[in-house]
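Reader: I have a model open on my screen and I'd like to learn how to read it. Could you walk me through it, feature by feature?

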Amino acid sequence: MTMPTYLGMPAFPRAARAAVADERLRDNLARATGTIRDRRRAAVAELDDWAALREAGRRIKDHTLRYLDHYLRLLEEKVTAAGGTVHWARDAAEANRIVADLIRATGRTEVVKVKSMATQEIGLNEALEKEGITAYETDLAELIVQLGDDRPSHILVPAIHRNRSEIRDIFRRRMPDAPPDLSDEPAELAEAARRHLRAKFLSAQVAVSGVNFAVAETGTLVVLESEGNGRMCLTLPKTLISVMGIEKVVPTWRDLEVFLQLLPRSSTAERMNPYTSAWTGVTPGDGPQEFHLVLLDNGRTSVLADEVGRQALRCIRCSACLNVCPVYARAGGHAYGSPYPGPIGAILSPQIRGIGSPVDASLPYASSLCGACLEACPVAIDIPEVLVHLRAKVVEEGPRHPLAGTAMAAAGWTLRSPRRLALAQRLASASRRLIGRRGRIRRLPGPLRAWTDSRDAPAPPPESFRAWWKRTDGGRA
Amino acid sequence: MRIALFVTCLNDTMFPGTGQAVVRLLRRLGHEVEFPSAQTCCGQMHFNTGYRKQVLPLVRNFAETFAPYEAVVTPSASCAAMIRDWHPRLDDAARDTAAKVHELTEFLVDVLGVTDVGAYYPHRVTYHPTCHSLRMLGLGDRPLRLLREVRGLELVELPDAAECCGFGGTFALKNPAVSAAMGADKAARVRRTGADALCAADNSCLMHIGGVLTRTAGPAVRTVHLAEILASTEEDPS
Ligand code: SF4
């Protein structure tokens, strides 16, 4: 399986080290995630049945995943009956091929796009470019990323790593119709983008979108957004092509209702998102007259086969886990080497792509297991549990780290026996004068240097607890 | 009630004072604890790092060692969480023993029903709720209720207290840059409280934050396990 844009990424720790050293980035991230974090907490606290909603969301997703084949076939049947065409794509290459062929058939070489995670996952824009088709992103943040030849670093706010003066510079440089005296006032920036995009909307004949939810019982597709640009894409062009991961289906409208409450509060901290578009096939004389739905697997069925890992497919891409994650706030989104950054990316990318590459084998370790993500997740994905599960896979099947493996085996051997542990403790205590000064060690050798490079280590005590207990009979002597 | 102390491998090796404090504290409250010397480690480090093969013998050893006791007390929230959440899932035979394990503040508040343990600790103290104590074990305000009853102690609130300190077990070694950045932010917030001592229910996190505190410039703040504060008295200060 592939997410082509990100091939050759370094392992997480290296990419994160560079990000941590970038003070402007850290500042942008801390500010942005800090604000949304507090607002989300308040939005969630307003509902006294949040826990019940969350449980309902979890169950609906689990049920749907359990009977995914059934609901996908139902969805296909309903979409087809309503005049749409359904395509099944096994992987990224197949999905890109389908979309490119559909666009070619219209005779057009330009498409407008609604922000979509699935099309980033498959690298659609790049694939289309190779076919001579230009895709214009219409989400403001996505536009900033595209104009800046950049990569998204957040699910909801892809340009979260940029501040407004950086955005102004990108617009001035890369947006031909941007006013030369453009300032970094948010309103002015938005206005410049609006003018730039309007021309695209009015001329575009083909649109490509993602999908937040697909209601199987009626074959209805649903997109939630904030700016209204998505609504334009979904209604103005003649042809609409939507790409959705197969896990986005929900059985009924009643099920959808639960997610329409969970998603906005978790993602933008709003009671309701400004624009919710829903469409069923085609309606003669109104909106796109040709509609294609591409159902994307790209590794999802193999994720589904993993009893622990499959809960990642409950994700509704709200990005709450990113916003509360202390690692994400410091490492930034790019370090995750995938369009899915943060905690969800750390469990999704290695499952979709496998753990063969350095970045994918490092992602399960890109967490302190603090559990803030699980607490925030509106569908209760136990991200720490999946991380630990994937770590075991990395140890068993991933690229070998001989040193780490040996150290962990030696520690395991020592800890299996109280006598060996006591011996190790005596050795440690004997070394305390050699290495410590006033109870502190400033420099440790070997892999432990990673500790003392940035913090002191305590010197071992003169005797261990067990030695003290034995010597004093538990303090009674 | 036959009470056993599970001191944890880290406290045993590096922080014997914490184990001694638990013994002293419980003795003062009228309870003798035993220290089964066959104990070693709960397996958390190996489990969380993905070395599952190493974990099972540790889980078995734990279950066998502590089976004869009615209650097991441990001064580590993260080890208590590992044992209660994971031991039964890794080995069904570990279920009964795991259920008897209490983190120290749980044991004091829930089992012994005390919040005033007669402690005296004349310092300005701030409390860091470690992630596993907060989100896995759900200690809630038990530690704070205990601290509020300590005579002479001035409790100051730590801003953004619930944010992880960046320790994370082997995370501290595998992702040192991010871990250190998180530690630096936590240490800076600790310093801003003006506290002269930082306490928590886990020495592992304290070892990390303390290491940053002594490495970086600023007023001295000592790190001290909650147990040592609760054990401290006027006659026998910690
Ligand atoms: S894992 Fe949960 S919190 Fe994170 S994006 Fe998905 S639904 Fe939202």
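Author: Sure, let's begin with the ligand. Sorted by class, its shell has 11 nonpolar, one polar and one charged residues. Keep in mind that this is a predicted model.

Reader: Which residues come nearest to the ligand?

Author: Out of the 13 residues around the ligand, the nearest are A:C315, A:C318, A:S319, A:C321 and A:C377. Cys is counted as nonpolar in this scheme, which is worth remembering when you read the class tally. As for the space the ligand takes, that is the second largest cavity.

Reader: A:R314 is next on my list. Is that arginine buried or exposed?

Author: The cut-off to know is that buried means under 20% relative accessible area. A:R314 has a relative accessible area of 5%, so it is buried. You'll find A:R314 in the loop between α13 (300-304) and α14 (320-324) of chain A.

Reader: And what does A:R314 touch?

Author: Leaving aside residues up to four places away in sequence, A:R314 touches A:R58, A:K61, A:D62, A:L65, A:V379, A:A380 and A:I381. With A:V379 you can look at individual atoms: a polar atom of the A:R314 side chain lies 2.9 Å from the backbone oxygen of A:V379.

Reader: Now a helix. Why is α8 of chain A described as largely enclosed by the rest of the structure?

Author: For a helix, count its buried residues. Helix α8 of chain A runs over residues 140-147, and six of its eight residues are buried, so the rest of the structure largely encloses it. The buried ones are A:A141, A:E142, A:L143, A:I144, A:V145 and A:L147.

Reader: What covers those buried residues of α8(A)?

Author: The cover includes α6 (117-121), β3 (134-137), α9 (164-174) and α10 (186-203), which belong to chain A. Check the ends of the helix too. At the start of α8(A), a side-chain oxygen of A:D139 comes to within 3.1 Å of the backbone nitrogen of A:A141. After α8(A) comes A:D149, with a positive phi near 50 degrees.

Reader: Which other residues should I look at for a positive phi?

Author: Try A:A269, which is not a glycine but has a positive phi of about 60 degrees. A:A269 sits in the loop between α12 (253-267) and β9 (275-280) of chain A, and its relative accessible area of 14% makes it buried. Another one is A:L369, also not a glycine, with a positive phi of about 60 degrees. A:L369 is in the loop between α17 (358-362) and α18 (372-376) of chain A and counts as buried at 7% relative accessibility.

Reader: What about contacts to the other chain? What does A:S454 touch?

Author: For that, read the chain letter of each partner. Not counting residues up to four places away in sequence, A:S454 touches B:A180 and B:R215. A:S454 is partly exposed, with a relative accessible area of 24%, and lies in the loop between α22 (449-452) and β12 (457-458) of chain A. Sequence and space are worth comparing here: A:S454 and A:D473 are 19 residues apart in sequence and 39 Å apart in space, C-alpha to C-alpha.

Reader: Let's zoom out. How many helices and strands does chain A have?

Author: Chain A has 23 helices and 12 strands. Of its 477 residues, 56% are buried. Its C-alpha atoms fill a box of roughly 95 × 55 × 45 Å along the principal axes. Among contacts in chain A between residues at least 6 apart in sequence, 73% join residues at least 24 apart.

Terms used: Residues are numbered from 1 along each chain as its sequence is written. Chains are lettered from A and ligands numbered from 1 in the order in which they are written. This is a predicted model: local features need pLDDT of at least 70, side-chain atom pairs count only at pLDDT 80 or more; totals for chains, interfaces and linings use all residues. Side-chain values use heavy atoms; hydrogens and water are left out. Buried means under 20% relative accessible area, exposed over 50%, partly exposed in between (1.4 Å probe, protein chains only). Helices (H or I, at least four residues) and strands (E, at least two) are DSSP runs, numbered from the N terminus. Contact means heavy atoms within 4.5 Å. A polar contact is a pair of N or O atoms within 3.5 Å; within protein, one must be able to donate a hydrogen and the other to accept it, and residues adjacent in sequence count only if both atoms are side-chain atoms. A residue is near a molecule or strand if one of its heavy atoms lies within 4 Å of it. On a 1 Å grid over the protein atoms alone, a cavity is a set of points where a 1.4 Å probe fits but cannot get out, and a pocket is an open set with protein on both sides within 12 Å along at least five of seven lines; lining residues have an atom within 4 Å of a point. A molecule sits in a cavity or pocket if more than half of its atoms lie within 2 Å of its grid points.
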